[in-house]
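Please open the model in the viewer and keep the selection tool at hand. The tour proceeds stop by stop, each with a selection and a description of what is found there.

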Amino acid sequence: MLGLYRFLSTALGPVIRFYIGRRRGRGKEDPVRGAERQGVAGLARPQGPLIWLHAASVGESISALCLIERLAVDCPTSSILVTTGTVTSAAIMAARLPERAFHQYIPVDRSAWVRRFLDHWRPDVALWMESEFWPNFMREISSRAIPLILINGRISPSSFSGWRRVPRTIRQILGCFSLCLAQSESDAERLLALGAKNVRAPGNLKFSAAPLPVSQGTLANMMEAVGRRPLWLAASTHIGEDEAVVAAHRTLSVRYPGLLTIIVPRHPARGPEIEQLAAASGFKVARRASDPAIGPDTEIYVADTVGELGLFYRLTPVAFIGGTLIPHGGQNLLEAAKLGCAVVHGPHMTNFAAIAAEMAEAGAVEAIADETGLAPAVDRLLGDAALYAERVGAAERVANAKNGILDAVMEALKPYLAGAGCFPAAKPAENRDASRAGA
């Protein structure tokens, strides 16, 4: 199967280029830096050791920031190359990467483009976030004897079932990793069952992430515009969820006069269509990308900008987490929990199952079965100050309970980072037998 994959990814080069062009036309590819998706570097390689960290998209890259910042401190002679595959994640990284760290787009997994990328950057170590396994990249990195380490590794139950249908393929892919650091013991067990070696479970790096940033001036202006109005937030919504949010606003506005509902779409390009949806339902709508002001008559505010979720979590008391009313798998609940929000989510939390379960056990979330439960859940939190305070307190305790995970990850990385100018030389352990160290 891997041979067939390599053949098709080579033979279908014109089709892949056409597909990238289509994505560029829809705003899903960078119109200026498109050559990077074919392995053409947009920058010169810095002198000295180079640590390469790959994070697929927004969620993975934000989770990786605490690690990147730690690497910048502990590896003072190294540069840090960060790759992602989406325009939104590139914009966030451009604003938040520390000194000596820089961003490039990951090439599409086509052997010639992969080799071009690696020939130019020549990383001393490769850190691969979560669960995006690209066979040509894995094979080429391994063939060059570059230490490849899985960080915050995650294998969902559905992915596990899928990979078990091709056991030889996933065993070969996972065999390219020198070390696999799993988010949880369950993820570690799945990685081992699929053929990974040298597996440990230090915990989920999302717990170590700093609160999302905010401009204090912008926050003050927003708070003045909102005043004492009741409000709530629908964060990181996906196609198929905005209708439920607008319907919930209609129900809630009867009970809470002057209610303001803020919608932050996961993909900002969807802002105009959400604006049209809300306006067609008869509501007064403002959209941040075109009209940043919240007026006294604004009923629904569409925040279709990049990197401002920290602003809106701080502004609103109640946050519904998108990607959970549809089978997407959810978004990061901890971001809202760390910023004082009472959290509501739908039934589809497979990408954050362990975090959701931990928060549910602590009484820190309001979980709903479907869209009909959205308005009642928000109503309970807006209308009951004691319940609201209880949920917020429980959520903050869960979110801040595991600050030692980053230290555990860095300790596991030490032998592999020694060659990248980070620590005194240390040889990686020879024993690659399956092992796990609990958090």
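The stops below begin at the N terminus and end at a loop residue beside a strand. The model is a predicted one.

**Stop 1: the helix pair α1 and α2**

Select residues 2-11 for helix α1 and residues 13-25 for helix α2. Two packed helices are described by the angle between their axes and by the distance between those axes. Here the angle is about 65 degrees, and the axes are 5 Å apart. Angles from 65 to 115 degrees count as roughly perpendicular, and α1 and α2 are therefore roughly perpendicular to each other. To view the contact itself, display Ser-9, Thr-10 and Ala-11 in α1, which meet Gly-13, Pro-14 and Ile-16 in α2. Sorted by class, this contact comprises three nonpolar residues, three polar residues and no charged ones.

**Stop 2: strand β1**

Next, select residues 50-54, which form strand β1. In a regular strand the side chains alternate between the two faces of the sheet. In β1, Leu-50, Trp-52 and His-54 point one way, while Ile-51 and Leu-53 point the other way. Is this strand enclosed or open to the outside? Five of the five residues of β1 are buried, so the strand is largely enclosed by the rest of the structure.

Add β4 (125-129) to the selection. β1 and β4 run parallel and are joined by four bridges, with Leu-53 standing opposite Leu-127 in β4.

**Stop 3: strand β2 and its partners**

Select residues 79-84 to show strand β2. β1 and β2 pair in the parallel sense over five bridges. Two bridge partners can be displayed as examples: Trp-52 with Leu-81 in β2, and Leu-53 with Val-82 in β2. Between the two strands the chain passes through helix α3 (residues 58-74), and this β-α-β crossover is right-handed.

Ser-79, Leu-81 and Thr-83 point one way from β2, whereas Ile-80, Val-82 and Thr-84 point the other way. Six of the six residues of β2 are buried, so this strand is largely enclosed by the rest of the structure.

Now include residues 101-105, strand β3, which pairs with β2 in the parallel sense over five bridges. The bridge partner of Thr-83 in β3 is Gln-104. Together with helix α4 (residues 87-96), strands β2 and β3 make a right-handed β-α-β unit.

**Stop 4: two residues with a positive phi**

Most residues other than glycine have a negative phi. Select Arg-100, which has a positive phi of about 75 degrees although it is not a glycine. Arg-100 lies in the loop between α4 and β3. With a relative accessible area of 30%, Arg-100 is partly exposed.

Then select Asn-152, whose phi is also positive, near 55 degrees. Asn-152 is placed in strand β5. Is Asn-152 buried or exposed? Its relative accessibility is 2%, so Asn-152 counts as buried.

**Stop 5: helix α6**

Select residues 135-143, helix α6. Pro-135, Asn-136, Phe-137, Met-138, Glu-140 and Ile-141 are buried in this helix. To see what these buried residues pack against, display α1, β1, α5 (111-121), β4, β5 (148-153) and α8 (167-174). Ala-145 follows α6 and has a positive phi, near 60 degrees.

**Stop 6: the seven-stranded sheet**

Move to the open sheet of seven strands, whose order is β10-β11-β9-β8-β12-β13-β14, with parallel pairing. Which strands stand at the edges? They are β10 (285-287) and β14 (365-367); each has a single partner strand, so one side of each is left without a neighbour in the sheet. Neighbouring strands of this sheet are turned by 20 degrees against each other on average, direction ignored.

Within the sheet, select residues 231-237 for β8 and residues 318-321 for β12, which pair in the parallel sense over three bridges. Ala-234 has Phe-320 in β12 as its bridge partner. Add helix α12 (residues 271-280), which lies across β8, β9 (260-265), β10 and β11 (300-302) and runs at about 175 degrees to β10.

**Stop 7: His-238**

Finally, select His-238, in the loop between β8 and α11 (242-255). At 8% relative accessibility, His-238 counts as buried. Leaving aside residues up to four places away in sequence, display what His-238 touches: Arg-266, Arg-270, Gly-322, Gly-323, Ile-326, His-328 and Gln-331.

How values were computed. Residues are numbered from 1 along each chain as its sequence is written. This is a predicted model: local features need pLDDT of at least 70, side-chain atom pairs count only at pLDDT 80 or more; totals for chains, interfaces and linings use all residues. Side-chain values use heavy atoms; hydrogens and water are left out. Two strands pair if DSSP finds at least two bridges between them. Axes are lines fitted to C-alpha atoms, for helices over the stretch in contact, and angles run from 0 to 180 degrees between N-to-C directions. Contact means heavy atoms within 4.5 Å. Buried means under 20% relative accessible area, exposed over 50%, partly exposed in between (1.4 Å probe, protein chains only). A crossover is right-handed if, with the strands pointing away from the viewer, the path from the first strand over the helix to the second runs clockwise. Angles under 35 degrees count as roughly parallel, over 145 as roughly antiparallel, 65 to 115 as roughly perpendicular and the rest as oblique. Ala, Val, Leu, Ile, Met, Phe, Trp, Tyr, Cys and Pro count as nonpolar, Asp, Glu, Lys and Arg as charged, and the others, Gly among them, as polar.
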